[in-house]
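Work through these exercises with the sequence and the 3D view side by side. Try each task before you read its solution.

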Amino acid sequence: MDFLPGSIILVCSPVLEYGLKELDQKLTENCIVLLCEADKELWDFERERGLEPLGLKNQFVSISEEELFNLPVILQKPLYTFEDGNQICFAGNFRRVIRLDFSAGVQFHSDFYDRLESACVNSVKQFWTNRFTLARFGRRYSRNMFRNLKEISGAKSVSDFIGTVCKTVFVFGAGESAEIGVKEIKQKYKREMIYILCADTAFSMLKANGIWPDGIVIDEAQSIIAQSFIGARNAAVKHGVQIFQSLCSLPHVAGKNVPKDKISFYGTEYSSNTFFDSLKQKDFFPPVIPAFGSVGITAYILACLVRKDNSVPVYDYGLDFAYSAGKTHARGTPAHKRQIRETMRLRGPENFGSAFGENVIRLPETAPYRFTTPILASYAETFRQVKGQVEEIVESIKNEWMTRNRNNGNSVSDYLASEKDCLLELRDLLSGKGDLTEEERSRKIYSLLENRQYLYLHFPDGYKLSMELNFLKRIRGEIDGFLKDFQ
């Protein structure tokens, strides 16, 4: 068996050295072997023997117990130093995970190894999926964030809402089951008895049914989301709707005349890098919510954040991530309205193409909505995991916000002015201005770029900084666009 370049080989329960030399000879370029042992006694035994006497040529890393449990997260790190001293750059260097069982010791923890393999495979897959998303939308996320930062002064903090809701909470997405939620509310609840939080795509559906939510979660970065608010911006203000808006979302989507205190920004960690890590430590930066890919999942997390405690129930409707034949969204949502508008003699209001097109997955007959897609299926799996870990996720967000150092004395205007100065200096350096030597120039350019990943994270190869000429030329082309956001 030969291994393709860029393979991560999980060797489960190696125990003795038998087979490692043979494996070493089979490895091709840019492969790494991670020795995984879940049984403590066997791990102690293996560590006592060590790998040094084997004379292995390629990269073999012995994983500690703590590292083993965190391995799926480690596989997305740009650079990670293991306890045995090996330093590995994972992000962008590996494309697949292969599991090899080296002894019967695997049987002691077979379920754990199965979960570990699945999690590691998904971690590598997720990295490349995220890379595709960043290549397409990364520039937009960054520019939206800088534009929205200008509006954050005077906005009401998301932290002011944490733990304040004692009523039953309803969360609405745009899926078909949102119609069931509307019926539940109308038949069983008085409006003042419940708190309603909806995704941006579900707002028009609720409005059409005479229901004004308490809060709207806006997470969409593209202008298409503006159609959800047509004819409702001023009415939303009149009804006291609170806007919970991602810094990466389309600026002013809820309207430029919305009072500042009716908007609450939250950060979305669309990329893990030193730039974002330093930015979210600033005094002005709002609480950060992980990027789940779905505004509905984000709305669910916000609902769990605003409720007083776990005794307050949270019900979700419209977070189906599946659909029936001919109908993809609830009536009254922008997608449903668009389908109605495009109805012609030869094309009815049903959208059967979404159920019988390429890559459509048919779910079991027992499922209430019988079709999905690979992307929707991944959202459904993410939502399942979020529901199972919601208490930990909520506590993590709360702790991150409460323990943050908020005494740095920095402001948004100071930060944007400083960032503008750095970009102007970088533009001059990349244009060849100044009397620096080439070595000094390169060193200065590198120091300015290494913590400003937003200038290149959307490049197809932007998962790491390169000082190659074509890479720097592309960065030079990005600077003028970003400078407009700091005016």
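A salt bridge is a side-chain nitrogen of Lys or Arg within 4 Å of a carboxyl oxygen of Asp or Glu. This is a predicted model, where local features need pLDDT of at least 70, side-chain atom pairs count only at pLDDT 80 or more, and totals for chains, interfaces and linings use all residues. Residues are numbered from 1 along each chain as its sequence is written, and side-chain values use heavy atoms, with hydrogens and water left out.

**Exercise 1. A bridge across the chain**

Task: Find the salt-bridge partner of Glu-478 and give the distance between the closest N and O atoms.

Solution:
- Step 1. The partner is Arg-139, and the closest N and O atoms lie 2.8 Å apart.
- Step 2. Place both residues. Glu-478 sits in helix α17 (residues 469-485) and Arg-139 in helix α5 (residues 110-149). Helices (H or I, at least four residues) and strands (E, at least two) are DSSP runs, numbered from the N terminus.
- Step 3. The two are 339 residues apart, so this pair links distant parts of the chain.
- Step 4. Check the cover. Buried means under 20% relative accessible area, exposed means over 50%, and partly exposed is in between (1.4 Å probe, protein chains only). Glu-478 counts as buried because its relative accessibility is 10%. Arg-139 has 38%, so it counts as partly exposed.

**Exercise 2. Bridges inside one helix**

Task: Say how many residues separate Lys-188 and Glu-184, and what that means along the helix.

Solution:
- Step 1. Lys-188 and Glu-184 form a salt bridge, with the closest N and O atoms 3.3 Å apart.
- Step 2. Both belong to helix α6 (residues 178-188). They are 4 residues apart, so about one helical turn separates them.
- Step 3. Lys-188 is exposed because its relative accessible area is 55%. Glu-184 has 22%, so it is partly exposed.
- Step 4. Now try another pair. Lys-398 and Glu-395 meet in a salt bridge of 4.0 Å, N to O. They are 3 residues apart in helix α14 (residues 390-402), so again about one helical turn lies between them. Glu-395 is partly exposed because its relative accessibility is 40%.
- Step 5. Salt bridges can also share partners. Arg-99, Asp-101, Asp-114 and Glu-117 are joined this way into one network. The structure holds 23 salt bridges.

**Exercise 3. Two surface patches**

Task: Which residues make the nonpolar surface patch of about 310 Å²?

Solution:
- Step 1. Know the rule. Patch residues have over 30% relative accessible area and no salt bridge; like charges are joined within 9 Å, and nonpolar side chains (Val, Leu, Ile, Met, Phe, Trp, Tyr) within 5 Å. Areas come from the Shrake-Rupley method with a 1.4 Å probe; for residues, only the protein chains shown count as cover.
- Step 2. The nonpolar patch is made by Leu-16, Tyr-18 and Phe-45.
- Step 3. Tyr-18 lies in the loop between β1 (7-12) and α1 (20-26). Tyr-18 counts as exposed because its relative accessibility is 62%.
- Step 4. Turn to the negative patch. Glu-65, Glu-66, Glu-83 and Asp-84 form it. Asp and Glu count as negative, Lys and Arg as positive; His and the chain ends are not counted.
- Step 5. Asp-84 is in the loop between β4 (80-81) and β5 (87-88). Asp-84 is partly exposed because its relative accessible area is 37%.

**Exercise 4. Positive phi in loops**

Task: Is Ser-13 buried or exposed?

Solution:
- Step 1. Ser-13 is in the loop between β1 and α1.
- Step 2. Its relative accessibility is 0%, so Ser-13 counts as buried.
- Step 3. Ser-13 has a positive phi of about 50°, although it is not a glycine.
- Step 4. Compare Phe-321. Its phi is positive too, about 55°, and Phe-321 is not a glycine. Phe-321 lies in the loop between β13 (314-317) and α11 (334-341). Phe-321 is buried because its relative accessible area is 13%.

**Exercise 5. Sequence against space**

Task: How many Å separate the C-alpha atoms of Leu-424 and Ile-479?

Solution:
- Step 1. They are 55 residues apart in sequence and 8.2 Å apart in space.
- Step 2. Leu-424 is in helix α15 (residues 412-430).
- Step 3. Now take Leu-469 and Asp-316. They are 153 residues apart along the chain, and 51 Å separates their C-alpha atoms.

Conventions. Charge placed at Lys NZ, Arg CZ, Asp CG, Glu CD.
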